[in-house]
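Trainee: Hey, got a minute? I'd like to go through this one with you before lunch.

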Amino acid sequence: MTRDYRRSIPLEQHLKSPVQAQDLTIAPALDEGMWNLRGDVTNPVFVRSVPGQLGLSLPTDIGGTVTEGTATAICVGPDEWYIACQPRHLALTLDIPDCRFSLVDLSDQMATIDVSGMKARELMSKAVSID
């Protein structure tokens with residue numbers, strides 16, 4: 001007999017309304033999906049195919065972002081991007097023959113929150129390893 005020990009507890013159950021403190025507000029963000037895309041930027045087939053199929057251009061500078069519609073691409077490495085999009089359960093697919101790439105759904109691995117206020121930058125520098 002096998003049991004499924006996986007549990008999914010939506011962030012909204014823990015953070016039902018914004019939390020406010022002096023110079024800081026934390027609130028659940030829109031229900032975003034998060035994807036990890038890796039591919040060879042020296043391969044012209046990859047570079048041409050991704051914007052056409054995803055409807056989103058990829059930034060080339062690490063730390064750079066591109067937003068088009070409800071999707072944002074964030075360059076986190078020389079061959080790696082995070083793609084945040086709404087709605088959360090949007091099924092992203094790529095079909096690029098003769099090209100090595102990976103596209104992984106990270107939506108259930110990450111939670112998206114809005115952090116604002118004068119102390120937001122300080123909090124984020126302590127809490128998140130992604131710059």
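**Two sheets and a core**

Trainee: How many bridges join strand 2 to strand 8?

Mentor: Four bridges link strand 2 (residues 24-28) with strand 8, and the two run antiparallel. One pair to look for is Thr25, whose bridge partner in strand 8 is Ser116. Strands here are DSSP runs of E with at least two residues, helices are runs of H or I with at least four, and both are numbered from the N terminus. Two strands count as paired if DSSP finds at least two bridges between them.

Trainee: Is there anything I should know about the model itself?

Mentor: Yes, this is a predicted model: local features need pLDDT of at least 70, side-chain atom pairs count only at pLDDT 80 or more, and totals for chains, interfaces and linings use all residues. Residues are numbered from 1 along each chain as its sequence is written, and side-chain values use heavy atoms, with hydrogens and water left out.

Trainee: Cool. What order do the three strands of that open sheet come in?

Mentor: The order is 1-2-8, with antiparallel pairing. Strand 1 (19-21) and strand 8 (113-116) are at the edges with a single partner strand each, so one side of each has no neighbour in the sheet. From one strand to the next, the twist averages 10°. Angles here go from 0 to 180 degrees between N-to-C directions, using lines fitted to C-alpha atoms, for helices over the stretch in contact.

Trainee: And which helix packs on the sheet?

Mentor: Helix 3 (residues 120-127), which touches strand 2 and strand 8, and whose direction makes about 130° with that of strand 8. Touching, or contact, means heavy atoms within 4.5 Å.

Trainee: OK, new topic. What's the strand order in the sheet of five?

Mentor: That open sheet goes 4-5-6-3-7, with antiparallel pairing. Strand 4 (65-68) and strand 7 (101-105) are its edges, each with a single partner strand, so one side of each lacks a neighbour in the sheet. On average, neighbouring strands of this sheet are turned by 20° against each other, ignoring direction. Strand 3 (residues 33-39) and strand 7 run antiparallel and are joined by five bridges. Leu37 sits opposite Leu103 of strand 7.

Trainee: What holds strands together in general?

Mentor: Strands of a sheet pair through backbone hydrogen bonds, either parallel or antiparallel.

Trainee: Where does helix 2 lie?

Mentor: Helix 2 (residues 44-54) lies across strand 3, strand 6 (80-85) and strand 7, running at about 160° to strand 3. Asn43 is in the loop between strand 3 and helix 2.

Trainee: Buried or exposed, that Asn43?

Mentor: Asn43 counts as buried because its relative accessibility is 17%. Buried means under 20% relative accessible area, exposed over 50%, and partly exposed in between, with a 1.4 Å probe and protein chains only. The Asn43 side chain reaches the backbone nitrogen of Val45 at 2.9 Å. Setting aside neighbours within four places in sequence, Asn43 is in contact with Asp98 and Cys99.

Trainee: What about Gly39, buried or exposed?

Mentor: Gly39 counts as buried, at 7% relative accessibility, and is part of strand 3. Not counting residues up to four places away, Gly39 touches Phe46, Asp79, Trp81, Arg100 and Phe101.

Trainee: Now the core. Which residues in the largest nonpolar core touch the most other members?

Mentor: Of its 17 residues, those are Leu37, Phe46, Val50, Leu54, Leu58 and Ile83. Strand 3, helix 2, strand 5 (71-77) and strand 6 each supply at least two residues of this core. A nonpolar core is a set of buried Ala, Val, Leu, Ile, Met, Phe, Trp, Tyr and Cys residues joined through side-chain atoms within 4.5 Å.

Trainee: And Leu54, what is it in contact with?

Mentor: Beyond four places in sequence, Leu54 is in contact with Leu37, Ile83, Leu92, Thr93 and Leu94. Leu54 and Leu94 are 40 residues apart in sequence and 7.5 Å apart in space, C-alpha to C-alpha.

Trainee: Last one: which element has the lowest mean pLDDT?

Mentor: Helix 1 (residues 11-14), at 59, while strand 4 has the highest at 94. pLDDT is the predictor's confidence in each residue, from 0 to 100. The chain averages 81, and 81% of the residues score at least 70. Over residues 1-8, pLDDT stays under 50, and the model has zero contacts for them beyond four places in sequence.

Methods: Polar contact = N/O pair within 3.5 Å; in protein donor to acceptor, adjacent residues only side chain to side chain.
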